[in-house]
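Please describe this protein for someone who has not met it before. Which parts of the chain pack together, and what do the places where they meet consist of?

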Amino acid sequence: MGFAFNAIAVIDVKRGKTRNFMDAINELEKALTLNPDYLPALVNLGTAYFNIGQADIARDYFNQALSPTNDSLPDRVAAQEAKRKLHIVFTIRYKEQQLR
């Protein structure tokens, strides 16, 4: 069931059905309620928060997704995606500090 909420949130965002990502965040939080270790939902939730300007919250979700709880392909892919997105968050934070 967690997969279903994750899929709904991703499809809505990609189709432009979600104007401000809040619907996606709600669906992803439902997915995590059902399965707190579902790494694809953690990464997608981090992405949604990043897209609404909440980089610190996004970073927390990406960090949670760095350690797969099992060796499944979706978890390994999610962990790699989290690592890539964390790099983006840190790069942006570093550039912001340099501009101050």
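The crossing of H3 and H5 is left-handed, a term used when the near helix is turned anticlockwise from the far one by less than a right angle, while a clockwise turn would be right-handed. The contact is made by Leu-39, Pro-40, Val-43, Thr-47 and Phe-50 of H3 together with Pro-74, Asp-75, Ala-78, Glu-81, Ala-82, Lys-85, Ile-88, Val-89 and Ile-92 of H5, where contact means heavy atoms within 4.5 Å. By class, these residues of the contact of H3 with H5 divide into ten nonpolar, one polar and three charged; Ala, Val, Leu, Ile, Met, Phe, Trp, Tyr, Cys and Pro count as nonpolar, Asp, Glu, Lys and Arg as charged, and the others, Gly among them, as polar.

This is a predicted model, in which local features need pLDDT of at least 70 and side-chain atom pairs count only at pLDDT 80 or more, whereas totals for chains, interfaces and linings use all residues. Residues are numbered from 1 along each chain as its sequence is written, and side-chain values use heavy atoms, with hydrogens and water left out.

The protein has five helices and zero strands, and from the N terminus on its elements run α-α-α-α-α. Helices (H or I, at least four residues) and strands (E, at least two) are DSSP runs, numbered from the N terminus. Of the 100 residues of the protein, 36% count as buried, where buried means under 20% relative accessible area, exposed over 50% and partly exposed in between (1.4 Å probe, protein chains only). Among the contacts with a separation of 6 or more, 49% are accounted for by residues 24 or more positions apart.

The helix pairs can be set side by side. Axes are lines fitted to C-alpha atoms, for helices over the stretch in contact, and angles run from 0 to 180 degrees between N-to-C directions.

| Helix pair | Axis distance | Angle |
|---|---|---|
| H2 (residues 22-34) and H3 | 9 Å apart | about 155° |
| H3 and H5 | within 8 Å | roughly 20° |
| H4 (residues 55-64) and H5 (residues 73-99) | within 9 Å | roughly 150° |

With the angle of about 155° between them, H2 is roughly antiparallel to H3; angles under 35 degrees count as roughly parallel, over 145 as roughly antiparallel, 65 to 115 as roughly perpendicular and the rest as oblique. The crossing of H2 and H3 is left-handed. In this pair, Ile-25, Leu-28, Glu-29, Ala-31 and Leu-32 of H2 meet Ala-41, Leu-42, Asn-44, Leu-45, Ala-48 and Tyr-49 of H3, a contact with nine nonpolar, one polar and one charged residues.

Asn-26 is also found in helix H2, and Asn-26 counts as partly exposed because its relative accessibility is 39%. The C-alpha atoms of Asn-26 and Leu-45, which are 19 residues apart along the chain, are separated by 9.1 Å.

For H3 and H5, axes that cross at roughly 20° make H3 roughly parallel to H5. Pro-40, placed in helix H3, is buried, with a relative accessible area of 15%. Pro-40 and Ala-65 are 25 residues apart in sequence and 7.8 Å apart in space, C-alpha to C-alpha. Gln-80 lies in helix H5 and counts as exposed because its relative accessibility is 54%. Between the C-alpha atoms of Gln-80 and Val-43, 37 residues apart along the chain, the separation is 9.8 Å.

H4 and H5, whose axes cross at roughly 150°, are roughly antiparallel, and H4 passes H5 in a left-handed crossing. Here Ala-55, Asp-56, Arg-59, Phe-62 and Asn-63 in H4 meet Ala-82, Lys-85, Leu-86, Val-89, Phe-90 and Arg-93 in H5. The residues of this contact divide into six nonpolar, one polar and four charged.

A pair of aromatic rings is described by the distance of the centres and the angle of the planes. Rings of Phe, Tyr and Trp (its six-membered ring) pair if their centres lie within 6.5 Å, and planes under 30 degrees apart count as stacked, over 60 as edge-to-face and the rest as tilted. By this rule the count comes to one aromatic pair. Tyr-49 and Tyr-61 form this stacked pair, 5.8 Å centre to centre with 5° between the planes. The pair links distant parts of the chain, with Tyr-49 in helix H3 (residues 39-51) and Tyr-61 in helix H4, twelve residues apart. Tyr-49 counts as buried at 12% relative accessibility, and Tyr-61 is buried with a relative accessible area of 18%.
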